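Take a look at the sequence and the fold below. Then follow the strands along with the text.

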Amino acid sequence: MLVFVLEREEKAASLLSAILEEAGFMVHVFHQKETGFEAALHQEPALIILDEAGSLVGLNTLGGLNSTRKIVLSARATEGEKIQALESGADDYITKPFSACELVARVRAVLRTTQTRLPANHVLSIGSLSIDLDARRAWASEQELFLTATEFNLLLQFMRHPDRVLGRKELGTKLWPGEKEGRRIVDVYIRRLRQKIEFDPSHPLQLVTCRGDGYMLVGSNRNQESISATRSNEAR
């Protein structure tokens with residue numbers, strides 16, 4: 001798989017390239033972010049890794065590359081910066097310093113969501129949603145969802161507990177054990193997940209808010225009938 005690394009510092013770029021090539025990836029390094037952005041728009045690599053200096057501009061520039069995954073590397077780990085990057089389209093945010101093993105593991109986790117064929121077995125289904133627990137892939141109305149690793153894990157929590165309210169603290173603890181900011185970042189991922197599973201994300205019918213308590217995936221037949229009726233009306 002082709003991976004672009006957009007990193008200003010030559011030493012850091014060489015290290016990233018060496019780690020990824022050792023793991024079997026084809027790597028192109030760009031020290032100038034504009035050059036990297038232009039190349040990405042033409043070649044559409046499987047993954048782009050951006051340093052913090054070019055991350056927000058890059059994420060906005062590359063917003064149309066839906067099949068290209070994006071990871072931000074940063075020495076800054078404040079909650080606000082993480083949220084800003086995630087809301088701008090990053091699929092993951094890795095804080096420096098990190099080990100080679102962590103980088104490769106998180107790159108592979110993000111890239112696992114780019115597969116396209118629907119398997120026949122090991123699928124958990126709730127209404128129009130389906131997920132394959134082994135392949136870590138998901139579908140809505142038989143169309144594959146391109147989820148990040150965290151988005152998949154979040155959806156999995158809801159699909160394992162349909163019609164049950166899951167609080168932010170519970171979700172944050174499961175998805176980011178030991179991180180205090182997990183509860184607020186849950187809201188970011190809820191918004192992102194709704195963009196992918198809801199017909200109208202501003203008026204969710206599947207992943208609903210239980211004000212003051214958390215969120216719930218509605219799995220009843222009644223809800224699915226409401227979803228079908230809404231889509232039919234919109235199509236008229």
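What follows is a walk through strand pairings, a helix packing and one buried residue. The model is predicted.

Start with the parallel sheet. It is open and has five strands, in the order 2-1-3-4-5. The pairing is parallel. Strand 2 (26-30) and strand 5 (92-95) are the edge strands, and each pairs on one side only. On average, neighbouring strands of this sheet are turned by 20 degrees against each other, with direction ignored.

Now look at one pair within the sheet. Strand 1 (residues 2-6) pairs with strand 2 in the parallel sense, over five bridges. To get the register, find V5: it stands opposite V29 in strand 2.

What lies across these strands? Helix 1 (residues 10-22) lies across strand 1, strand 2, strand 3 (47-51) and strand 4 (69-74). Helix 1 runs at about 170 degrees to strand 2.

Next, move along the chain to the antiparallel pairings. In general, strands of a sheet pair through backbone hydrogen bonds, either parallel or antiparallel. Strand 7 (residues 129-132) and strand 8 run antiparallel and are joined by four bridges. They form a hairpin with four residues between them. In that turn, R136 has a positive phi of about 55 degrees. The register is set out by I131, which stands opposite A138 in strand 8.

Strand 8 also pairs with strand 9 (residues 143-145), again antiparallel, through three bridges. This hairpin has two residues between its strands. S141 in the turn has a positive phi of about 50 degrees. Here A140 stands opposite Q143 in strand 9.

Which way do the residues of strand 8 point? In a regular strand the side chains alternate between the two faces of the sheet. In strand 8 (residues 137-140), R137 and W139 point one way. A138 and A140 point the other way. All four positions are buried.

Finally, return to I131 in strand 7. Is I131 buried or exposed? The cut-off for buried is under 20% relative accessible area. I131 has a relative accessible area of 0%, so I131 is buried. Which residues is I131 in contact with, leaving aside its neighbours within four places in sequence? H122, V123 and L124 are among them. From strand 8, the contacts include R137, A138 and W139. F152, L155, L156 and M159 also belong to the set. For a distance check, take I131 and L145, which are 14 residues apart along the chain. Their C-alpha atoms are separated by 9.5 Å.

Definitions and conventions: Residues numbered from 1 in each chain as written. Predicted model: local features only at pLDDT ≥ 70, side-chain atom pairs only at ≥ 80, totals over all residues. Heavy atoms only, no water. Pairing = 2+ DSSP bridges. Axes fitted to C-alpha atoms, helices over the stretch in contact; angles between N-to-C directions. Contact = heavy atoms within 4.5 Å. Buried < 20%, exposed > 50% of the residue type's maximum accessible area, 1.4 Å probe, protein only.
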